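User: I'm new to reading protein models and would like to work through this one. Can we start with its surface?

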Amino acid sequence: MSVTSAKEKKFNKLITIVSIVVPVVVALLFGVKIPNVEPLSFLPPIYASINGLTAVLLIVAVVAIKNGNRELHKKVMTVCIGLSLLFLLMYIAYHMTSESTTFGGEGTIKYVYYFILITHIILSIAIIPLVLKTYAKAYLEQFTAHRKLAKITFPIWLYVAVTGVVVYIMISPYYN
């Protein structure tokens, strides 16, 4: 077995584990409330802003690589992964200290909100292995495979980042 194949096999195993563990842990922690802790109600606008910044940086990264700036692309994509991890930590902290907010809109807007929310949640789970596999392909210098996978990963990740902001804007009037 070549060194690349051995590394790729290790990456794939790790990606599978992370892709399963993260959503399960988030789901479990969603039901856990830390007693006697002040709600971290200041976090939603911060993590919504992180989603917005991630969306902008994803576009910057695509422009960088299309202009042949591989180093900038690599740095920006690494920042995007870091921002996504920071978002996740803040999101969990908020939900472990605060009650969930119910959307108060009525009529058609309620259906629009839930459509956006549900697709956002489903795709935020699906994006985990896509981002990790895309990143691993670049790390392993399998650039043809990386480009092919990135064409799928980019629009989904961008959708998740943008809809994270949209969901926040739509529900923010209903925060306590």
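User: How much area does the protein expose, and what share of it do carbon and sulfur atoms supply?
Analyst: This is a predicted model, where local features need pLDDT of at least 70, side-chain atom pairs count only at pLDDT 80 or more, and totals for chains, interfaces and linings use all residues. Residues are numbered from 1 along each chain as its sequence is written, and side-chain values use heavy atoms, with hydrogens and water left out. Accessible areas come from the Shrake-Rupley method with a 1.4 Å probe, and for residues only the protein chains shown count as cover. The protein exposes about 10,800 Å², and the share from carbon and sulfur atoms is 70%.

User: What percentage of the residues is buried?
Analyst: Buried means under 20% relative accessible area. Of the 176 residues in the protein, the buried ones make up 34%.

User: Which elements does the protein have, from the N terminus on?
Analyst: Helices here are DSSP runs (H or I, at least four residues), and strands are too (E, at least two), numbered from the N terminus. The protein has 5 helices and 0 strands. In order, that reads α-α-α-α-α.

User: Where is Lys151, and is Lys151 buried or exposed?
Analyst: Lys151 sits in helix 5, which covers residues 143-171. Exposed means over 50% relative accessible area. Lys151 has 68%, so Lys151 counts as exposed.

Technical notes: Buried < 20%, exposed > 50% of the residue type's maximum accessible area, 1.4 Å probe, protein only.
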